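Biologist: Before we talk about any part of this structure, could we look at it together and ask what lies behind each description?

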Amino acid sequence: MLRKTVCVLLFMVLFNLPSFATLPKVAIVTTGGTIVMKTDPKTGGAVPAMSGDELEKSVPGIGKLADIVVIEVTNIDSSQMTPAIWSTLSRKVDEILAKPDIVGAVVTHGTDTMPEGAYFLNLTLKSNKPVVFTGAMNDASSHNPDGPENIYNAVVQVLSPNAKNWGVTVTLDSYINGARAVRKTQTTNVQTFESGEQGYLGYVYAGKVTRFNDRPRRIRLPLPADTTKSLPKVPFIYTYAGADGSFVRYAVDSGAQGLVVEGVGAGNVNADVYKAIQYALGKNIPVVISSRVYYGAVEPVYGDIGGGKTLENAGCILAGDLMGTKARLLLMLGIARYGNDTAELRKLFSN
Ligand code: ASP
């Protein structure tokens, strides 16, 4: 028997056959997006068409990197994502990462709302194991799908000792972005995710990760324990020259528990919007001011009616350099934890 085993092992070594050494286990958690889409010949539009297992099988060489476990959570276009689905996803990812043999997770997600989804998990996950969001800009039936290479690179990143302590990342087209800073910048190009002036965290190519940046900013805000309760209602309201504040008043009158108002410049709104914000504050509804400008932060500079300084003095919370759609998620989770305690909520936005 012993002689037989030795002969088999010798044969495997001589002929370079795969050994029985176990590969690290990586979870791929799928949610939908272009990465699993194909063009429907009847309508000409891309629709979800592949299961999680089919997606894994479409990635050449992945089985040599890791022992992959696929978990399908949803199969939707990410324009249909909601904070409730991200809550389910976050709990599921934590449950998977709690298994001692799983080294990390790749989450496949549509790119349209990927920055928000990744940020939501960055806030809510309990685990410190690596989590990499990826997806595709070209669908699986296009002549150059980018999904398989993106998944391969995401698994490389999960396994890399050079890619630790970054929190949740968004990794596409080789570039690694932190969840807080990342923004989708191009509607159709494979190089769409950028971190602006905060810079990429790193680059993944040819099976290795190059580290550029060490300190992504991260706070944690656990999900409420009660899974049956929905998260607070927090609308996001864009403003523009001539806005009359009616959307702010409507949001207040229809049960908003908090508001994010996207101002101009360093965080300024006009007089009509300012009066509507005062209406919200008068009802003890926390109001966060973000800016539609890509780079820089909301700052208390201007003292005219609706200026950033005036808004701050009136009791608004300034979002700093956190983009409005992510400020909305932070406020939502913040209110779930602290109610309308503005002092506690303000601390969340100062990180
Ligand atoms: N509409 C798609 C989605 O977000 C776009 C993509 O995945 O690239 O699901």
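**Reasons behind the descriptions**

Modeller: In this predicted model, Phe-236 stands opposite Val-260 in S14.

Biologist: Why are S13 and S14 said to pair?

Modeller: Two strands count as paired if there are at least two bridges between them; three bridges join S13 to strand S14, residues 259-263, and the two run parallel, so S13 and S14 meet the requirement.

Biologist: What makes S13 and S16 the edge strands?

Modeller: The open sheet has four strands in the order S13-S14-S15-S16, with parallel pairing, and strand S13 (236-238) and strand S16 (317-318) each pair on one side only.

Biologist: How is the packing of helix H5 and helix H10 described?

Modeller: Two packed helices are described by the angle between their axes and the distance between the axes. For H5 (residues 114-124) and H10 (residues 324-338), the axes come within 10 Å and cross at roughly 30 degrees, and the crossing is right-handed.

Biologist: Which residues of H5 and H10 meet?

Modeller: Glu-116, Tyr-119, Phe-120, Leu-123 and Thr-124 in H5 meet Thr-325, Lys-326, Leu-329, Leu-330 and Leu-333 in H10, and the residues of this contact divide into six nonpolar, two polar and two charged.

Biologist: Why do seven residues of the shell around the ligand count as polar?

Modeller: The residues around the ligand include Gly-33, Thr-34, Ser-78, Ser-79, Gly-110, Thr-111 and Gly-135, and these count as polar because Gly is placed in that class along with the residues that are neither nonpolar nor charged. Asp-77 and Asp-112 also belong to the shell and count as charged because they are Asp, whereas Met-137 counts as nonpolar.

Terms used: Residues numbered from 1 in each chain as written. Predicted model: local features only at pLDDT ≥ 70, side-chain atom pairs only at ≥ 80, totals over all residues. Axes fitted to C-alpha atoms, helices over the stretch in contact; angles between N-to-C directions. Left-handed = near helix turned anticlockwise from the far one by under 90°. Contact = placed C-beta atoms within 7 Å. Near = placed C-beta within 6 Å.
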